[in-house]
Amino acid sequence: MKKRICAATAFMFFVSGCAGSGPNPVARFAPADEKRSCASLKAELKANEKEVVKKTAERTNKTNKNLALGATGVFLIAPWFFMDLKGKEAAEIEALERRNSTLRRIAAHKGCNAPLPVVTHQRKPRTKQTK
């Protein structure tokens, strides 16, 4: 009995490592940000906004896929092993938004006319938990 429990636990840890890849967020600051030109700042802001739109679409597709696999997993256990549970897109979107806010602050400090942010998704408000 103990061998089965240990084997099942080891198998679950092994399989949980396959539940998607971890996030790869961009850095908020880069060493040469202060020295960049206005055109360079605007170009990166636009590229980051496009990346946010792309990541938001990926997040939606992944959520729909996970829902389908989860519903199928009620009847068959195998689909549960193919679910992506890491949530890397959310972390990468937040990192891109932090990077864009930093770039906008630098552009405002330099007197550049930085483009306004494009709202592509709504974040759930964080609530403090009290004990």
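**Exercise 1. Overall make-up**

Of the 131 residues of the chain, what percentage count as buried?

*Solution.* The model is a predicted one, in which local features need pLDDT of at least 70 and side-chain atom pairs count only at pLDDT 80 or more, while totals for chains, interfaces and linings use all residues. Residues are numbered from 1 along each chain as its sequence is written, and side-chain values use heavy atoms, with hydrogens and water left out. A residue is called buried under 20% relative accessible area, exposed over 50%, and partly exposed in between, with a 1.4 Å probe and protein chains only. By this definition, 27% of the 131 residues are buried. The chain exposes about 10000 Å², of which carbon and sulfur atoms supply 63%; accessible areas come from the Shrake-Rupley method with a 1.4 Å probe, and for residues only the protein chains shown count as cover.

**Exercise 2. Secondary structure and contact range**

State how many helices and strands the chain has, and examine the span of α3.

*Solution.* Helices (H or I, at least four residues) and strands (E, at least two) are DSSP runs numbered from the N terminus. The chain holds three helices and zero strands, in the order α-α-α from the N terminus on. Helix α3 has 23 residues and spans 33 Å from its first C-alpha to its last, close to the 33 Å expected at 1.5 Å a residue, where the expected span is 1.5 Å times one less than the number of residues. Just after α3, G111 adopts a positive phi of about 90°. For the contact range, take contact to mean heavy atoms within 4.5 Å: among contacts between residues at least 6 apart in sequence, 81% join residues at least 24 apart.

**Exercise 3. The surroundings of R36 and E44**

Locate R36 and E44, classify each as buried or exposed, and list their contacts beyond the sequence neighbourhood.

*Solution.* Begin with R36, which lies in the loop between α1 (2–16) and α2 and, at 19% relative accessibility, counts as buried. Not counting residues up to four places away in sequence, R36 touches L41, E44, R99, L103 and K110. The C-alpha atoms of R36 and I106 are separated by 9.2 Å, although these residues are 70 apart along the chain.

Continue with E44, which is found in helix α2 and is buried as well, with a relative accessible area of 18%. Leaving aside neighbours within four places in sequence, E44 is in contact with R36, R99, N100 and L103. The side chains of E44 and R36 are joined by a polar contact of 2.2 Å, that is, a pair of N or O atoms within 3.5 Å, of which, within protein, one must be able to donate a hydrogen and the other to accept it, residues adjacent in sequence counting only if both atoms are side-chain atoms.

**Exercise 4. Salt bridges**

Count the salt bridges, and explain what the pair R99 and D33 ties together.

*Solution.* Side chains of opposite charge can pair when their charged atoms come close. The criterion for a salt bridge is a side-chain nitrogen of Lys or Arg within 4 Å of a carboxyl oxygen of Asp or Glu, and by this rule the count comes to nine.

One of them joins the side chains of R36 and D33 at 3.6 Å, N to O, and D33 is buried, with a relative accessible area of 2%. R99, buried at 5% relative accessibility, also forms a salt bridge with D33, the closest N and O atoms being 2.5 Å apart. Because R99 lies in helix α3 and D33 in the loop between α1 and α2, this pair ties together parts that are 66 residues apart in sequence.

A further salt bridge links E51 and K54 at 4.0 Å, N to O; being three residues apart in helix α2, they are separated by about one helical turn. Both are partly exposed, E51 with a relative accessible area of 26% and K54 with 45%. Salt bridges that share partners, for their part, join D33, R36, E44 and R99 into one network.

**Exercise 5. A nonpolar surface patch**

Identify the residues of the nonpolar patch on the surface, and place F82 in the chain.

*Solution.* Patches are made of residues with over 30% relative accessible area and no salt bridge, like charges being joined within 9 Å and nonpolar side chains (Val, Leu, Ile, Met, Phe, Trp, Tyr) within 5 Å. The nonpolar patch consists of V74, F75, L76, I77, W80, F81 and F82, which together have about 840 Å² of accessible area. F82 sits in the loop between α2 (38–73) and α3 (88–110) and counts as exposed, at 57% relative accessibility.
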